[in-house]
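Please open the model in the viewer and keep the sequence panel beside it. The tour begins with the whole chain and then proceeds to single elements and residues.

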Amino acid sequence: MDQRELYLKQLEEKWEHLTITNDIMFGMVMENEQICLELIQRSLPELNIKAISRITPQKQITGPISARTVRFDVFVRDEEQRTFVVEMQVADKHNLPFRLRYYQQQIDFDILNVGDDYSKLAQYPTYVIMFCDFDYFGRGWSKYQFENRCVDDPKLKLGDQRQITIFNAKANQFHGNMKLKGFLKLMGNQIDADDQLVKQVRAEMKRIREDPIRRHGFMKYELDLMDARREGKEEAQVKAVTMLKDLGVEQEKIISELAKTYNMSHDEALKLIQKVR
């Protein structure tokens with residue numbers, strides 16, 4: 001079995017065991033309008049959301065050419081032109097506030113066009129909802145909600161119509177009216193059999209797993225990603241060899257460096273060196 005066949009087998013197993021914390025599975029589940037609406041309603045009950053008009057999973061926002069690209073797990077608008085970005089985050093990379101800062105900037109790129117007055121943004125309130133499989137702030141709360149307020153008088157809001165809500169799946173304290181406990185527990189593979197939303201999500205995940213088109217799409221996405229990473233790695237290896245050769249480094253030393261940096265065998269390193277002229 002070659003490396004690609006082995007990887008295909010691993011992908012088959014991965015597909016069968018995807019949970020709601022996988023961003024691809026999460027995005028596919030959220031394509032179900034009823035589930036997506038229910039999740040947002042439970043996340044922000046104070047908004048009294050009645051309907052959503054557009055759901056875009058894995059939405060890529062195009063900003064300035066030199067800017068870092070952002071791909072949102074789920075991008076939604078409701079009938080009142082409120083924008084909701086819903087994200088699943090399982091890895092604590094210790095940069096959550098700055099990630100969220102950039103997310104909010106990118107959302108506005110999708111709203112404000114050249115020549116538009118800034119006041120247009122008043123018609124498009126934005127809400128970022130982040131489901132985290134870790135407690136970034138360490139308070140043990142199930143929900144952290146943020147908006148811009150005056151430092152000297154917290155009752156005075158900036159009024160920029162932006163809000164961030166972060167849910168913590170590791171919570172040990174739940175708000176009295178918290179209706180997302182079942183979903184947060186599901187993120188840790190704990191099943192609340194009485195929670196209707198949990199039932200809907202699990203049924204949708206089962207339907208998705210059994211869909212051959214969805215399965216093929218997932219496999220193709222992962223294989224394309226693997227190929228892109230491999231091409232990038234090979235390009236980096238060629239650049240390294242070229243640089244070392246230009247510096248006059250001896251062949252055996254180059255082989256040693258390739259083995260140490262890229263975990264290559266002697267023969268693999270030698271073959272690469274001979275290919276680079």
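Display the protein chain as a cartoon: nine helices and six strands appear, where helices (H or I, at least four residues) and strands (E, at least two) are DSSP runs numbered from the N terminus. The model is predicted, so local features need pLDDT of at least 70 and side-chain atom pairs count only at pLDDT 80 or more, whereas totals for chains, interfaces and linings use all residues. Residues are numbered from 1 along each chain as its sequence is written, and side-chain values use heavy atoms, with hydrogens and water left out.

**The whole chain**

Rotate the chain along its principal axes; its C-alpha atoms fill a box of roughly 70 × 45 × 35 Å. The radius of gyration is 23 Å, while a compact globule of 277 residues would have one near 19 Å; this radius is taken over C-alpha atoms, and the globule rule is 2.2 Å times the number of residues to the power 0.38.

Next, colour by burial: 40% of the 277 residues are buried, that is, under 20% relative accessible area, with exposed meaning over 50% and partly exposed in between (1.4 Å probe, protein chains only).

**Helix H7**

Select residues 212-246, which form helix H7. This helix has 35 residues and reaches 51 Å from its first C-alpha to its last, close to the 51 Å expected at 1.5 Å a residue; the expected span is 1.5 Å times one less than the number of residues.

Which residues of H7 are buried? They include Arg 214, Phe 218, Glu 222, Met 226, Asp 227 and Leu 244. Now add helix H2 (23-30), helix H6 (196-209), helix H8 (251-262) and helix H9 (266-275), which are among the elements that the buried residues of H7 pack against. H1 is another of these packing partners.

**Glu 204, in helix H6**

Move to helix H6 and select Glu 204. Is this residue buried or exposed? Glu 204 is buried, with a relative accessible area of 9%. Beyond its neighbours within four places in sequence, Glu 204 is in contact (heavy atoms within 4.5 Å) with Val 29, Asn 32 and Ile 35.

**Lys 9, in helix H1**

Finally, select helix H1 (residues 3-16), where Lys 9 is located. Lys 9 is partly exposed, with a relative accessible area of 46%. To end the tour, draw a distance from the C-alpha atom of Lys 9 to that of Asn 168: the two are separated by 33 Å and lie 159 residues apart along the chain.
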